[in-house]
Amino acid sequence: MFSKTLGKSILSVIVLLWALWNLIPLNDRPFNDFIAHRATARMDEFTGLLSRAKLRVQLKQSPSIFVALKEIAKNEKIDLSTYFADIKLQDIKNLDRKNKILLEVLLQESKGRLKQGLDLKGGIAFTLKIADQSVKENDSDLRQSQLEKAAQIMRHRLDGMGVAEPVIRARGNDEIEIQLPGISSKDNPEIVDAVKRPAKLEFRLVHEDQPQSMDPKAAPIGYELLFSELENQKTGEIDMIPYYVKRIPEMTGKMVKNAHATINQYGGFEISLEMKSPDGVDRFAKITKDNIGRLLGIVLDGRLYSAPRINCEIPNGMASISGHFSLREALELANVLNNPLEFELILMEIQEIGPSLAEDAKTSSTYATILGIALVILFMVAYYRTSGWVAVISVLANALIVLGLMAMIGATMTLPGVAALILTVGMGVDSNILIFERMREELALGKRMRTALAAGYDKAFSTIFDANITTLLSAFILIWIGTGPVRGFGVILAIGIFATMFCALVLSRALMAILIDFGFENILKKHSGEVRKFDFLGKQKIASIVSLVVVGLGLLAFVIRGNGIYGIDFTGGDEMTLQFTEKLNTNDIERLAKETGIGEVGTVYRKNIKDSGEVLCLQTKEGKGKSLFQALNKQYPQAQLKIIHESSIGSSMSGKIKWNAFLGVMASLLMILIYIALRFEIGFGIGALISTIHDILATIGIYLLLGRQFSAPMIAAILMAIGYSINDTIVVFDRIREELHFNPTASLKEIINYSVNCTLSRTILTSFTTFLAALALYCFGASVINDLALIFIIGIFVGTYSSIFIASPIFYRWHKGDRQTVEIK
């Protein structure tokens with residue numbers, strides 16, 4: 001026993017230290033300060049170089065220290081890697097590439113390990129416009145189609161670049177606004193070009209004659225003069241090799257099926273291309289067969305990347321783009337090739353944006369979170385005494401592991417992520433309560449604490465396993481089908497489930513065993529041993545009526561309110577950009593909009609990159625912008641607000657995101673049905689399916705009856721409530737299955753009532769502790785946090801109610817009250 005406890009303890013310490021290490025540093029460090037202390041060689045010389053870079057920034061010759069160092073190093077041929085001897089870049093010969101990679105590594109090191117989304121940290125926003133020559137001026141339908149396609153391609157590209165939770169929406173009838181979290185264009189000026197480049201790929205034949213003149217007019221008819229960059233392997237210098245390249249391509253990137261970065265035979269990076277079958281494969285085979293001995297130029301966006309010689313027919317449809325790429329450049333190029341644009345996008349403006357959740361709102365929400373955790377700690381310790389501290393340590397460790405894993409994989413923490421984390425903590429509390437209640441039952445039978453510990457964990461294991469695996473399957477479905485915030489919720493939920501199971505089954509057990517080894521025999525008070533005998537199934541008719549009324553009223557509210565139930569994230573609306581002389585508090589703006597009946601308003605401050613001037617951006621429902629402007633001018637005349645730009649904005653929740661969210665929920669329900677039917681029995685699966693659908697409709701219905709609107713984070717909140725409901729239902733079903741094994745003479749009705757009564761204390765305790773945390777967020781959390789907490793509170797009550805009065809009665813009705821038809825597994 002001691003060796004097992006020691007093993008669990010050592011493993012727990014290692015995992016927690018690993019999670020903590022992944023989170024350090026937690027916050028971003030200013031690049032100026034970080035790099036000054038990061039240098040490891042020739043310190044005095046680097047200090048002087050850094051001073052010169054700061055002077056360039058002060059004189060507005062460079063936008064940031066990052067760019068200033070890059071420019072000085074390029075102009076003066078300085079190898080910056082000599083100041084950072086621990087970063088090995090000796091194999092890169094080209095000086096500019098080496099300095100670029102070095103600075104990117106240092107910039108990444110200066111960032112906090114846990115990324116934050118636009119709502120918590122802000123980022124950059126830039127507007128792209130479809131070039132006028134790309135579409136006929138009067139063809140509005142084609143322009144709208146291009147706008148939608150461009151938005152979709154931008155999302156795919158950003159997903160491929162690892163940018164989590166971007167906001168992409170139409171602006172007017174020919175522009176797209178893209179918001180990227182945690183990114184500064186001052187330190188990463190190439191990010192916009194990487195996103196908006198068309199990625200027009202062409203395979204063009206090269207003329208047999210080598211250019212003798214650098215005059216473009218000297219090119220043969222039908223050809224143009226292009227240059228390919230070739231890196232000298234000894235010096236690292238770039239040589240420009242001229243070629244006459246055919247203007248009309250033999251083949252375009254439309255026939256490329258897939259592009260991915262690979263390592264070539266020299267250890268460098270290139271992009272491998274796979275042609276579409278059969279058209280692309282056959283076309284490429286014919287080109288190579290008919291032109292053996294000639295050079296085939298690979299041209300991307302008008303630039304000649306390479307011109308390999310065709311030595312034989314290539315029948316398998318494989319090709320590659322070689323060049324002096326870094327790994328990041330190769331990955332980005334492959335990404336844009338997989339998501340090509342057929343038209344040019346022009347950068348109209350770029351701005352730095354502040355967090356959409358105001359600083360005081362974040363502060364109040366942080367205090368609310370701390371208060372909620374404190375309430376849970378107080379209750380758990382008061383109710384379970386010493387073992388309550390074990391549960392508290394387990395849950396806090398759970399949250400630490402989740403955050404550590406998020407930092408490791410580069411996940412972004414947003415408000416939907418906070419929702420998933422809350423659900424994870426709730427399930428962590430539930431697992432500990434489930435184990436403790438099982439132990440108390442064993443103690444009531446007269447067993448010693450050590451024996452009760454082993455028996456309690458053994459009996460609780462299947463329940464914890466099934467509850468978490470069911471939720472994990474749903475999380476995988478959301479990751480697979482979902483996009484944007486839905487996928488982000490699924491990722492954090494999946495991480496949380498693994499952390500919950502580890503903390504409940506390994507960490508908590510080790511702590512409990514250690515306490516027992518040290519003589520703490522009274523770490524858990526005994527159960528009374530008496531089980532309530534309330535007839536829950538006898539109340540199913542009343543429960544059915546209540547459910548029908550709640551769901552019916554919710555559906556009625558849905559019909560009556562129509563599009564009024566959707567917020568700006570779903571419907572789009574008006575956007576105004578305002579100048580001001582006095583900065584207004586965003587919470588005050590939202591409060592005024594609510595008081596004047598304007599409704600939802602999005603507020604964010606932005607800084608123009610060029611002149612650093614700050615503006616206020618307001619987003620309202622369609623037709624409400626002017627009313628809000630007038631109300632603000634009346635309430636805050638000293639601010640001297642002035643409209644400098646107005647436009648309409650589209651939904652940030654694209655049709656694909658909404659459709660994928662719906663598909664994700666439906667697929668999750670189907671997966672729940674299949675899993676429970678296989679692991680339990682088909683009747684249990686039907687009960688879980690119907691109760692989950694009931695919970696979705698009831699939660700949404702009550703939320704709408706309270707006059708609330710749906711915004712993007714609400715999708716995650718509803719998914720969170722579904723997860724809680726499934727977890728609650730599995731606990732009851734697992735006890736029913738157990739009692740069917742051990743009580744062969746009892747009727748099905750008696751089994752169900754007994755099982756619900758046995759798990760009632762666990763259900764109430766779990767619901768109450770989770771409710772405490774959600775209540776603190778509801779009472780003191782700001783704006784969207786308040787809405788998230790409200791849905792979770794509704795979900796707690798609805799999930800608890802359905803696990804008792806919906807799921808079990810459905811299972812009972814499915815078998816028509818006859819236990820002989822139940823297949824026990």
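Author: Contact, in what follows, means heavy atoms within 4.5 Å. This is a predicted model, in which local features need pLDDT of at least 70 and side-chain atom pairs count only at pLDDT 80 or more, while totals for chains, interfaces and linings use all residues. Residues are numbered from 1 along each chain as its sequence is written, and side-chain values use heavy atoms, with hydrogens and water left out.

Reader: Happy to start there. Which residues is Lys749 in contact with?

Author: Lys749 touches Asp535, Leu537 and Tyr812, once neighbours within four places in sequence are set aside. Lys749 itself belongs to helix α22 (residues 748-780). A helix here is a DSSP run of H or I with at least four residues, a strand a run of E with at least two, and both are numbered from the N terminus.

Reader: And what makes Lys749 partly exposed?

Author: Its relative accessible area is 33%. Buried means under 20%, exposed means over 50%, and partly exposed is what lies in between (1.4 Å probe, protein chains only). Lys749 therefore counts as partly exposed. As for where it sits, its C-alpha atom is 9.8 Å from that of Ser808, and the two residues are 59 apart along the chain.

Reader: Why is Ser9 called buried, then?

Author: Its relative accessibility is 17%, so Ser9 counts as buried. Ser9 lies in helix α1 (residues 2-23), and it is in contact with Ala510 and Ile514, leaving aside neighbours within four places.

Reader: How do you know that Leu331 is not simply exposed or buried?

Author: Leu331 has a relative accessible area of 49%, so it is partly exposed. This residue is part of helix α9 (residues 327-338). From Leu331 to Thr262 it is 8.9 Å, C-alpha to C-alpha, across 69 residues of sequence.

Reader: Let's step back to the whole chain. How many helices and strands are there, and what share of the residues is buried?

Author: The protein has 24 helices and 19 strands. Of its 825 residues, 54% count as buried. Among contacts with a separation of 6 or more, 76% are between residues 24 or more positions apart.

Reader: What makes a group of residues a nonpolar core, and which members of the largest one touch the most others?

Author: A core is a set of buried Ala, Val, Leu, Ile, Met, Phe, Trp, Tyr and Cys residues joined through side-chain atoms within 4.5 Å. The largest one here has 107 residues, and Met380 and Ile736 touch the most other members. Helix α21 (residues 712-742) gives the most to this core, with 15 residues. Apart from it lies another core of 27 residues, including Val67, Leu69, Leu106 and Leu107. Back at Ile736, the residues it touches beyond four places in sequence are Phe684, Ile751, Ile752, Ser755, Ser808 and Phe811.

Reader: Now the helix pairs. Why is α20 called oblique to α24?

Author: The axes of α20 (residues 682-705) and α24 (residues 807-814) come within 8 Å and cross at roughly 140 degrees. Under 35 degrees would be roughly parallel, over 145 roughly antiparallel, 65 to 115 roughly perpendicular, and the rest is oblique. That makes α20 oblique to α24. Phe684 and Ile690 of α20 are among the residues making the contact, as are Phe811 and Trp814 of α24.

Reader: What makes α4 and α5 a case of another kind?

Author: Helix α4 (residues 65-76) and helix α5 (residues 95-110) pack at about 160 degrees, with axes 10 Å apart. That angle makes α4 roughly antiparallel to α5. On the α4 side, Phe66, Leu69, Lys70, Ala73 and Lys74 take part, meeting Asp96, Asn99, Lys100, Leu103, Glu104 and Leu107 in α5.

Reader: Anything unusual in the backbone? What is the phi of Arg42, and what is that of Lys77?

Author: Most residues other than glycine have a negative phi, and most peptide bonds are trans. Arg42 has a positive phi, near 50 degrees, in the loop between α2 and α3 (43-58). Lys77, in the loop between α4 and α5, has a positive phi near 55 degrees.

Reader: Why do Arg42 and Lys77 fall in separate exposure classes?

Author: Arg42 is at 42% relative accessibility and so counts as partly exposed, whereas Lys77 has 59% and is exposed.

Reader: And which peptide bond is cis?

Author: The one joining Ile24 and Pro25, with omega about 0 degrees. Pro25 lies in the loop between α1 and α2 (31-38).

Methods
Axes are lines fitted to C-alpha atoms, for helices over the stretch in contact, and angles run from 0 to 180 degrees between N-to-C directions.
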